[in-house]
Amino acid sequence: MFETVQVDMIPAGRANRPGAPLDGPYFITIHDTANPGRGANALMHAKYLKGDAAAALPVSWHFTVDDTRVVQHLPVTEHGWHAGDGSKGQGNLSSIGIEICENEDGNRTDAEARAARLVGDLLYKLKLPIEAVVQHNHWSGKNCPHIIRARKNGWEVFLDQVQTQLNEHLGEVDVPMTEAERKQFEALAARVAELEEQHNMKVPTWAQPAVDRAIALGLIEAPADGSSRDFFRILTIMYRRGLLNDK
Ligand SMILES: [Zn+2]
């Protein structure tokens, strides 16, 4: 499953949407918003990026992720200003920028998990390796994404989550069945077992007299176990119609 992306682009022509092509893209740069305020979610950042303050800096990136949604602000074919490595910097010119929200009224664990899934989706779609995922810190030395960096093994765990999503797209792991799929599968398996049993059954009680007669006549060999339900039914009908009388 791919993450759903809500598109809310910075209008073309704004100072923070240069409209210049993104080189590659060769990298995906991970940021934390460093904005812990209430309501500082993905939608609020989308609004911020369309406003004058962001245009004046200028600053822009491609996606903001919070605990409930992903919002896209720039096409992945255009570069933004998020890496802090200048107008000729590889971070700005060849990487997709993703900001992870840390608003106090949001669930940070969910936001990171969602961001990791988005990154896995992008790696798959753009045919990039896991090594393409870098921290903002990689480009400018800034302590960003600061929450992930501050946590022991934070970056490794985040990359593991990304890899899990990428593997799922590459078909390298089994996607767990949904509850509905599991019930359907179990019903089907039960039906197959039932049919299989009917084709390899012991002599049913109701067919025993017919089977005994047929064996006595030398029509079938004993034991008759392992035949199908249809076979026993036909034998019983023949018996009841008097077709298995002694010669
Ligand atoms: Zn950053």
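This briefing describes the domains, a central strand, the nonpolar cores and one exposed helix of the structure above. The model is a predicted one, and its chain is assigned a domain 1 covering residues 5–170 and a domain 2 covering residues 179–240. Taken over C-alpha atoms, the centres of domain 1 and domain 2 are separated by 64 Å.

**Domains and annotation**

- An unreviewed UniProt entry annotates residues 15–162 as "domain: N-acetylmuramoyl-L-alanine amidase".
- Across residues 15–162 the chain is 38% helix and 14% strand, and the C-alpha atoms at the two ends of this stretch lie 32 Å apart.

**Strand β2 and its partners**

- Strand β2, made up of residues 27–32, is mostly covered, with six of its six residues buried.
- In a regular strand, side chains alternate between the two faces of the sheet.
- In β2 both faces are covered, since Phe27, Thr29 and His31 on one side are buried, as are Ile28, Ile30 and Asp32 on the other.
- Strand β5 (residues 95–100) pairs with β2 in the parallel sense over six bridges, and within β5 the bridge partner of Phe27 is Ser95.
- Strand β6 (residues 133–135) also pairs with β2 in the parallel sense, here over three bridges, and Val134 of β6 stands opposite Thr29.

**Nonpolar cores**

- The largest nonpolar core contains 32 residues, and those with the most contacts inside it are Ile28, Val65, Ile98, Ala115, Leu118 and Val119.
- Two or more residues of this core come from each of β2, α1 (42–49), β3 (63–65), β4 (70–72), β5, α4 (108–126) and α7 (154–170), and the largest share, seven residues, is that of α4.
- Leaving aside residues up to four places away in sequence, Ile28 touches Ser95, Ile96, Ile98, Val119, Leu122, Ala132 and Val133.
- There is also a second, separate core of seven residues, among them Ala207, Val211, Ala214 and Leu235.

**Helix α8**

- Helix α8 runs over residues 179–198, and because each residue is taken to add 1.5 Å, its 20 residues should span 28 Å, which agrees with the 29 Å between its end C-alpha atoms.
- Helix α8 is hardly covered, for the count of buried residues among its 20 residues is zero, whereas β2 is mostly covered.

Technical notes: Residues are numbered from 1 along each chain as its sequence is written. This is a predicted model: local features need pLDDT of at least 70, side-chain atom pairs count only at pLDDT 80 or more; totals for chains, interfaces and linings use all residues. Helices (H or I, at least four residues) and strands (E, at least two) are DSSP runs, numbered from the N terminus. The expected span of a helix is 1.5 Å times one less than its number of residues. A residue is buried if 20 or more other C-beta atoms lie within 10 Å of its own, exposed if 12 or fewer, and partly exposed in between; C-beta atoms are placed from the backbone. Domain bounds come from an automatic or database domain assignment. Two strands pair if DSSP finds at least two bridges between them. UniProt positions are given in the numbering used here, feature names are shortened, and annotations may be inferred rather than shown by experiment. A nonpolar core is a set of buried Ala, Val, Leu, Ile, Met, Phe, Trp, Tyr and Cys residues joined through C-beta atoms within 7 Å. Two residues are in contact if their C-beta atoms, placed from the backbone, lie within 7 Å.
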